[in-house]
Amino acid sequence: MKALLVEDEQRIASFVCSGLREQGFLVDHCEDGNLGYDYALSRQYDIILLDIMVPGRDGLAILKGLRREGRDTPVILLTARNELDDRLQGLNLGADDYLAKPFFVEELIARIHALLRRVSGERQNVLAVGPLKLDRLTRVAELEGREVELTSREFNLMEYLMRSPGRVYTRTQILEHVWGYDFEPQTNMVDVCIQRLRKKLSLPDSIAIEAVRGVGYRLRKPDGDKEPSA
């Protein structure tokens, strides 16, 4: 799971980041709302934690912008404000939950897990692109009804590409999402993992994993037009 925390109070950010990482989350932290908004738009997260009062674009403006852009990532608002109007405004803008400061990190984590369980139940647990299916609960991959054994890393990379068929992901985006931390720019780990996936899955041309020269990779849309690839 990957989380984004937008919080300018260093003490709060420190114990929230530590608590989430102890639970196995990969955490990006921003102290500025403008940077946080850019992160939320350019990267994929399982949960976003927004402090309302942050420098730059405030938490409510970030939330409003995300929902306007069609982003449905679950959002929990964190704020010192506890008035009813503030809670209602956040919820009306599309927040999924609201936690007033001060709070225990254990309560925040419990709320995150409860929210993610609810969202998981609402969303389809099986990703399908053409004849390829991934069951995100059982971690099983199937191609034309035949089970294909994938490593955890291979499964996560394939899931990442299948979330948005046709979208081009840079190598850096793939490294950050699948591996969770930065590598040297010249690393070939993504390319090696892609090669293993191609070999194991033997995908039909209609949904092949395409290399986009000088950029990264994408999973071809079954019925979409394709651009020249490397």
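This section describes the overall fold, the cysteines, the backbone exceptions and selected residue environments of a predicted model.

The protein comprises 8 helices and 12 strands. Its radius of gyration is 19 Å, close to the 17 Å expected from the globule rule for 230 residues, so the protein is as compact as a globular protein of that length. Taken along the principal axes, the box filled by the C-alpha atoms is roughly 55 × 35 × 35 Å. Of the 230 residues, 43% count as buried, and the accessible surface of the protein amounts to about 12,100 Å², with 47% of that area belonging to carbon and sulfur atoms. Among contacts between residues at least 6 apart in sequence, 55% join residues that are at least 24 apart. With respect to charge, the protein carries 33 positive and 37 negative side chains, and the centres of these two sets lie 5 Å apart.

The structure contains 0 disulfides. C17 takes part in no disulfide, and the nearest cysteine sulfur, belonging to C30, is 9.9 Å away; C30 is likewise in no disulfide, its nearest cysteine sulfur being that of C17 at 9.9 Å. Since a disulfide requires the two sulfur atoms to lie within 2.5 Å, the separation of 9.9 Å between the sulfurs of C17 and C30 does not satisfy the criterion. C17 counts as buried because its relative accessibility is 7%, under the 20% limit, and C30 is also assigned as buried, with a relative accessibility of 1%.

Several backbone features fall in loops or at the end of a helix. The peptide bond from K101 to P102 is cis, with omega near -5°, and P102 is located in the loop that connects β5 (97-100) with α5 (105-122). A positive phi of about 55° is found at E144, although this residue is not a glycine. E144 belongs to the loop between β8 (140-143) and β9 (146-148), and it counts as exposed because its relative accessibility is 65%, over the 50% limit. S202, also a residue other than glycine, has a positive phi near 45°; it is placed in the loop between α8 (189-201) and β11 (209-212) and is exposed, with a relative accessible area of 52%. A further positive phi, of about 90°, is adopted by G180 just after α7.

Helix α7 (residues 171-179) has 7 of its 9 residues buried, so this helix is largely enclosed by the rest of the structure. The buried residues of α7 are Q173, I174, L175, E176, H177, V178 and W179. T172 is also part of helix α7, but this residue is partly exposed, because its relative accessible area of 48% falls between the limits of 20% and 50%. The C-alpha atoms of T172 and Y98, which are 74 residues apart along the chain, are separated by 32 Å. For E176, one of the buried residues of α7, the C-alpha atom is 24 Å from that of I12, the two residues being 164 positions apart along the chain.

I12 itself lies in helix α1 (residues 10-22) and is buried, with a relative accessible area of 4%. When residues up to four places away in sequence are not counted, I12 touches E7, K101 and F103. One of these partners, K101, is the residue that precedes P102 across the cis peptide bond.

L49 is found in strand β3 (residues 47-51) and counts as buried, with a relative accessibility of 0%. Leaving aside neighbours within four places in sequence, L49 is in contact with L4, L5, V6, V16, L20, I76, L78, L108 and I112. Among these, V16 and L20 fall within the residue range of helix α1 (residues 10-22), while L108 and I112 fall within that of α5 (105-122). The C-alpha atoms of L49 and R87, 38 residues apart along the chain, are separated by 15 Å.

Notes: Residues numbered from 1 in each chain as written. Predicted model: local features only at pLDDT ≥ 70, side-chain atom pairs only at ≥ 80, totals over all residues. Heavy atoms only, no water. Buried < 20%, exposed > 50% of the residue type's maximum accessible area, 1.4 Å probe, protein only. Helix = DSSP H or I, 4+ residues; strand = E, 2+ residues; numbered from the N terminus. Rg over C-alpha atoms; globule rule 2.2 N^0.38 Å. Contact = heavy atoms within 4.5 Å. Areas by Shrake-Rupley, 256 points an atom, 1.4 Å probe, with all protein chains shown as cover. Lys, Arg positive; Asp, Glu negative; His and termini not counted. Charge placed at Lys NZ, Arg CZ, Asp CG, Glu CD.
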